[in-house]
Amino acid sequence: MKIIKAEHAGFCFGVERAVGIVENASTIYENVVTLGPIIHNPQLVNKLKEKGVLPVESTGDVEKKHTVIIRSHGITKDNYNFLKEKDVNIIDATCPFVIKAHKSAMNLSKEGYTVVVFGEKEHPEVKGIVSYVEGEYYLISSKEEAEQLPFKEKYGVVAQTTQNGEYFKNVVDVIKEKCNELKVVNTICNATTYRQEAAKAVAKQVDMMIIVGGKNSGNTRRLYEICKEICKNSIHIETKDELDEKMFENIEKVGITAGASTPDYLINDVINYLEEVGNARKCKKQ
Ligand code: F3S
């Protein structure tokens, strides 16, 4: 059985940076907390708990004794100010690309554009982006919702960093017809685009595609949807334990990719498992 690992599978720059910041902080400070799980990966969050780093649900749970780490998704402007006022030790691990989205949303509104944010409505990153808009805005998550937008003089559009580039383009095409002036800041980060393109390239070549990552990870789920469109036999798993030898009975080529929040060791576990299955099959044939 041939195993093809897609390029750019796993941790992106921002997540790697954030996890590094947390690990480093856990060796320097006591009472380290992260505002929400540092990444959407339960296995890694549990490992960090063993090192004493606990996720707290909201800014209200942060106490004076805590060193609080802001995760790569960022937080809302109000929450940031709330922490500042509490005078706790803040370590900001917001990804620089997310900060770019915050600034773009803010600048567009300052320039008089009605801002459209394209993203998942309940996603913390999107809540953060929206909080930096200083005027009127719309939050949309589909082309259909773009079609419902009212006509405006000037629309300024930004996206959640992990959105699909093609969907964003479709949404922008719709908004173009809804205003006299359009300014688009493409805030989708390259890590996502590269990972999605590499996954597509592999999905085209294989009989089965495995997408590794947290079930609560939006970018992993999107990766799964993209692969599934190309390779019907695509599955989304968190760990190798969800695999079974029988799944690979008629499989000659299997592809593997992983979301931005999937640690390397979980990807390698899956690859090792697949190699074992392949080797066992070879032995049976001999
Ligand atoms: Fe940053 Fe892009 Fe990752 S925005 S957190 S590098 S997916």
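**Notes on Lys253, the ligand shell and helix α4**

1. A good place to start is Lys253, which counts as partly exposed because it has 14 C-beta neighbours inside 10 Å. Please keep in mind that this is a predicted model. Lys253 sits in strand β12, which covers residues 253–258. Setting aside neighbours within four places in sequence, its contacts are Lys2, Ile4, Gln205, Val206 and Asp207. From Lys253 to Cys227 the C-alpha to C-alpha distance is 15 Å, with their positions 26 residues apart in sequence.

2. Now to the ligand. There are 14 residues around the ligand, and Cys12, Gly14, Cys95, Phe97 and Cys189 come nearest. Two or more residues of the shell come from each of α1 (13–28), α4 (96–110) and α8 (190–203), and α1 gives the most, with 3 residues.

3. You may like the make-up of this shell: 9 nonpolar residues, 5 polar and no charged. Domain 2 (13–94) and domain 3 (97–188) each supply at least three residues to the shell.

4. Helix α4 also deserves a look. Its 15 residues should span 21 Å at 1.5 Å a residue, which agrees with the 21 Å between its end C-alpha atoms.

5. The buried residues in α4 are Phe97, Val98, Ala101, His102, Ser104, Ala105 and Leu108. They lie on the same side of α4, because they cover an arc of only 165 degrees around the axis. Pro96 and Lys110, on the other side of α4, are exposed. The partners against which the buried residues of α4 pack include α1, β6 (114–118) and α5 (124–131).

6. One last backbone detail: Gly112, just after α4, has a positive phi of about 90 degrees.

Note on methods. Residues are numbered from 1 along each chain as its sequence is written. This is a predicted model: local features need pLDDT of at least 70, side-chain atom pairs count only at pLDDT 80 or more; totals for chains, interfaces and linings use all residues. Helices (H or I, at least four residues) and strands (E, at least two) are DSSP runs, numbered from the N terminus. A residue is buried if 20 or more other C-beta atoms lie within 10 Å of its own, exposed if 12 or fewer, and partly exposed in between; C-beta atoms are placed from the backbone. Two residues are in contact if their C-beta atoms, placed from the backbone, lie within 7 Å. A residue is near a molecule or strand if its C-beta atom, placed from the backbone, lies within 6 Å of it. Ala, Val, Leu, Ile, Met, Phe, Trp, Tyr, Cys and Pro count as nonpolar, Asp, Glu, Lys and Arg as charged, and the others, Gly among them, as polar. Domain bounds come from an automatic or database domain assignment. The expected span of a helix is 1.5 Å times one less than its number of residues. The arc is that of the directions from the helix axis to the C-beta atoms.
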